[in-house]
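Reader: I have a structure open and a few things to ask about it. Can we go through them one by one?
Author: Go ahead.

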Amino acid sequence: MIDLYTWTTPNGRKVSIMLEETGLDYHVLPVDLEANEQAGAEFLAVCPNGKIPAIVDHDTGGTPLPLFESGAILLHLAEKTGRFLPGLERPSERARVVQWLMYQMSHVGPMIGQAGHFVNTAEDKIPYAIERFVGESMRIVGVLNNALADSDYLAGDYSIADMATYPWIEAAWEPFTSMSEGKAEELAALRAWMDRLAARPAVARGMAVGSGN
Ligand SMILES: N[C@@H](CCC(=O)N[C@@H](CS)C(=O)NCC(=O)O)C(=O)O
């Protein structure tokens with residue numbers, strides 16, 4: 001059994017999608033970010049960084065493993081199940097998946113997250129910050145679109161890199177494409193990839209996890 005600490009946000013959804021895809025036995029423990037439960041002692045004991053997602057894997061054959069950082073969790077679950085990440089005997093294919101996973105972790109999530117903060121959350125609408133983070137997010141999304149021009153998935157076969165990226169693009173699609181005319185057409189390859197993922201039943205189930213259930 002795996003305990004999944006999560007909420008209805010993109011980083012949490014990456015892990016619930018992977019859990020649904022692999023069929024691993026898991027139990028959801030909602031961490032209500034609006035009630036600031038991520039700062040409570042119970043959650044901090046599992047995730048000292050105070051951010052979802054986190055898991056406790058009880059099926060290690062030994063001491064249970066608490067783990068935070070969505071990318072690390074996805075790698076762990078992929079290695080545990082031997083799915084959605086090529087094995088060490090296929091080093092080049094594996095490296096490509098890890099590359100796009102790192103791209104999500106270091107660019108897609110942080111930049112779109114900051115863009116959302118400065119556009120929506122911040123009381124003070126700072127033009128420099130909005131321009132900086134929205135501009136960089138658009139550039140990053142463009143890189144994804146180019147990568148998908150000749151490929152159904154980010155790194156060859158469907159992988160944890162796609163699972164990590166999808167919830168962020170799904171959340172950003174509407175606001176980003178409504179910012180400028182022609183944006184949706186420009187990002188046609190990305191849209192087709194989104195539709196491909198949305199059609200997967202496990203993705204739909206994973207996206208629905210965490211809302212206080
Ligand atoms: N790099 C972390 C980021 C986690 C993260 O930012 N989680 C957000 C929700 S998507 C969170 O818990 N925010 C609550 C807070 O900042 O207090 C990961 O990928 O797991």
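Reader: Where does the ligand sit?
Author: The ligand is in the largest pocket. Keep in mind that this is a predicted model.

Reader: Which residues are around the ligand?
Author: There are Thr9, Asn11 and Lys14, then Leu33 and Gln38, then Lys51, Ile52 and Pro53, and also Glu69, Ser70 and Met105.

Reader: What is the ligand's distance to the side chain of Lys51?
Author: An oxygen atom of the ligand lies 2.5 Å from an N or O atom in the Lys51 side chain. For the side chain of Gln38, an oxygen atom of the ligand is 2.9 Å from an N or O atom. With Glu69 the ligand uses a nitrogen atom, which is 2.8 Å from an N or O atom of that side chain.

Reader: And how much of the ligand does the protein bury?
Author: The protein buries 74% of the 520 Å² that the ligand exposes when taken alone.

Reader: Back to Glu69. Where is it in the chain?
Author: Glu69 is in the loop between strand S4 (65–68) and helix H3 (70–81). Its phi is near 80°, a positive value in a residue other than glycine.

Reader: Is Glu69 buried or exposed?
Author: Neither label fits, because its relative accessible area is 39%, which makes Glu69 partly exposed. Buried would need a value under 20%, and exposed one over 50%.

Reader: Which other residue has a positive phi, with a value near 60°?
Author: Asn36, which is also a residue other than glycine. Asn36 is in the loop between strand S2 (26–30) and H2. With a relative accessible area of 46%, Asn36 is partly exposed.

Reader: What about the peptide bond from Ile52 to Pro53, cis or trans?
Author: That bond is cis, with omega near 5°. Pro53 belongs to the loop between helix H2 (41–46) and strand S3 (54–57), and both Ile52 and Pro53 are among the residues around the ligand.

Reader: New topic, helices. Which helix holds Trp100?
Author: Helix H4, which covers residues 91–121. Gln104 lies in H4 too.

Reader: Why does Trp100 count as buried?
Author: Because its relative accessibility is 11%, and the cut-off for buried is under 20%. Gln104 is buried as well, with a relative accessible area of 1%.

Reader: What do they touch, leaving aside neighbours within four places in sequence?
Author: Trp100 is in contact with Val143, Leu144, Ala147, Leu154, Ala155 and Ala161. Gln104 is in contact with Lys14, Gly109, Pro110, Ala164, Thr165 and Trp168. Lys14 also appears among the residues around the ligand.

Reader: How far is Trp100 from Thr63?
Author: Their C-alpha atoms are separated by 31 Å, and the two residues are 37 apart along the chain.

Reader: And Asn145, where is that?
Author: Asn145 is part of helix H5 (residues 127–147). It is buried, at 9% relative accessible area. Not counting residues up to four places away in sequence, Asn145 touches Glu186, Leu187, Ala188, Ala189 and Leu190.

Reader: Last one, Arg196. Which helix is it in?
Author: Arg196 is in helix H8 (residues 188–198). It counts as partly exposed, at 26% relative accessibility.

Reader: What is Arg196 in contact with, beyond neighbours within four places in sequence?
Author: Ser151, Asp152 and Tyr153. Ala78, by comparison, is 21 Å from Arg196, C-alpha to C-alpha, and 118 residues apart from it in sequence.

Technical notes:
Residues numbered from 1 in each chain as written. Predicted model: local features only at pLDDT ≥ 70, side-chain atom pairs only at ≥ 80, totals over all residues. Heavy atoms only, no water. Helix = DSSP H or I, 4+ residues; strand = E, 2+ residues; numbered from the N terminus. Buried < 20%, exposed > 50% of the residue type's maximum accessible area, 1.4 Å probe, protein only. Contact = heavy atoms within 4.5 Å. Near = heavy atom within 4 Å. Polar contact = N/O pair within 3.5 Å; in protein donor to acceptor, adjacent residues only side chain to side chain. Areas by Shrake-Rupley, 256 points an atom, 1.4 Å probe, with all protein chains shown as cover. 1 Å grid on protein atoms, 1.4 Å probe; cavity = no way out; pocket = protein on both sides within 12 Å on 5 of 7 lines; lining within 4 Å. Sits in = over half its atoms within 2 Å of the grid points.
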